[in-house]
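Student: Could you take me closely through the surroundings of the ligand, with the cut-offs stated as you go?

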Amino acid sequence: MASVSLESVSKVFAGDVMAVNNVSLRVNDGEFLVLLGPSGCGKSTTLRMIAGLEEVTDGRIRIGDRIVNDVAPKDRDIAMVFQNYALYPHMSVYKNMAFGLELRYGGNSLHRTWKRLTSPTEAANLAAKRRGIRDAVRQTAQALKIEHLLDRMPRQLSGGERQRVALGRAIVRQPAVFLFDEPLSNLDAKLRLETRRELNELHQRLSTTMVYVTHDQTEAMTLGERIVVMNHGEIQQIGSPMEVYDRPETRFVAGFIGSPPMNFISGSLASEGDELSFVAGGVKVVFGEMQEQILAILGKKQAVELGVRPEDIGVEKSETDGDANCGRVSLVEPLGDCKLLHVAIGSRREINKLVCKVEPRANMAKGDCVRLRFYVNVHLFDAARGHNLTLD
Ligand code: ATP
């Protein structure tokens with residue numbers, strides 16, 4: 001096992017494409033770290049640099065204590081699992097899984113030497129190595145429930161089985177670090193869920209350092225001990241799943257994590273007597289306890305964006321849609337375990353559309369007038385730079 005450190009790492013591709021910009025992070029020994037971000041944010045390039053499949057333009061990468069910038073991929077003690085399995089099509093499942101170990105023990109020469117049988121001691125050594133490989137493959141296959149597939153060829157497997165074989169091939173080598181590049185994206189929803197659970201169990205069992213790339217925030221939240229959120233080649237935030245969810249440092253993180261996403265409303269701050277509030281077309285949020293904190297960081301009437309998650313808005317029926325925070329339900333989406341209400345607030349000149357999560361049997365229908373309550377968990381973002389102004 002080993003830690004992985006990136007120290008001010010950048011990658012510029014031909015044509016001045018800055019794919020990764022000055023990224024520094026440390027994956028602790030035994031940690032499951034997820035790199036999360038939209039397509040093109042540089043997460044795969046970061047992973048490929050750790051694997052040695054992409055050269056580093058600037059900065060240093062360490063695996064354990066060793067700087068690996070100039071170390072060949074095969075000598076980095078890593079195993080990588082890709083989205084598209086990349087199994088050897090002409091080899092059985094057993095051979096696919098055993099191949100890496102055979103290479104480590106001498107590859108083809110193992111076979112040739114075996115045939116020559118130079119001395120009884122050598123023959124005994126080779127037999128022990130072969131037994132070791134066989135046992136390792138069988139144990140791993142058993143753990144992944146693919147033991148019955150060992151004699152099949154990759155073309156005779158389903159997508160889920162192939163991905164398990166690809167995982168098995170990586171596990172059997174017992175690398176210091178596992179690197180996963182969207183390994184579940186080709187699986188259907190049910191298999192993705194199952195394999196995600198297996199990956200979680202696998203990490204608990206092996207406690208090996210794992211770095212996992214995905215654009216799927218649910219995968220990131222459920223698998224990662226910490227999540228690195230990336231955008232435009234840069235790190236936006238590193239934190240535990242609940243840290244990035246509850247305390248997003250930027251508007252980007254706030255909007256990227258959470259489904260349905262956080263609601264954003266553009267508006268300004270207004271003070272009336274001692275009371276400071278956020279106002280925007282039909283919406284008024286009084287800050288109460290947060291007031292002092294907000295006043296300390298803001299000049300009044302600064303342009304800000306309010307961010308509030310769908311589950312942090314209370315909804316009750318109302319007689320009218322004209323008062324502050326009152327509006328009309330424009331759409332109801334029943335999801336089984338909850339309902340999503342789309343509520344339009346404000347006048348035609350300035351209308352705000354918010355999504356609210358309510359209990360599954362809430363008696364509300366399209367066209368109903370509702371009053372919204374904003375609980376304490378609201379965020380204010382600097383409209384120009386997107387920084388969260390409400391974090392300590
Ligand atoms: P995805 O989820 O779509 O794979 P990603 O976040 O993994 O996206 P990268 O594959 O790391 O993104 O790509 C980051 C940026 O670098 C993108 O703008 C991409 O177009 C660019 N890029 C990647 N590989 C190359 C290459 N070989 N040559 C030039 N530009 C590249």
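Tutor: A residue is taken as near the ligand if one of its heavy atoms lies within 4 Å of it. This is a predicted model, in which local features need pLDDT of at least 70 and side-chain atom pairs count only at pLDDT 80 or more, while totals for chains, interfaces and linings use all residues. Residues are numbered from 1 along each chain as its sequence is written, and side-chain values use heavy atoms, with hydrogens and water left out.

Around the ligand stand Phe13, Val17, Ala19, Pro38, Ser39, Gly40, Cys41, Gly42, Lys43, Ser44, Thr45 and Glu182. Counting Ala, Val, Leu, Ile, Met, Phe, Trp, Tyr, Cys and Pro as nonpolar, Asp, Glu, Lys and Arg as charged, and the others, Gly among them, as polar, this shell divides into five nonpolar, five polar and two charged residues.

For polar contacts, which are pairs of N or O atoms within 3.5 Å, an oxygen atom of the ligand lies 2.6 Å from an N or O atom in the side chain of serine 39. A ligand oxygen atom is also 2.7 Å from an N or O atom in the side chain of lysine 43, and a polar backbone atom of glycine 42 is 3.1 Å from an oxygen atom of the ligand. Of the 640 Å² of accessible area that the ligand has on its own, the protein covers 57%, by the Shrake-Rupley method with a 1.4 Å probe.

With helices (H or I, at least four residues) and strands (E, at least two) read as DSSP runs numbered from the N terminus, β2 (17-27) and α1 (43-51) are the elements that give two or more residues to the shell, and the largest share, three residues, comes from α1.

Note on methods. A polar contact is a pair of N or O atoms within 3.5 Å; within protein, one must be able to donate a hydrogen and the other to accept it, and residues adjacent in sequence count only if both atoms are side-chain atoms.
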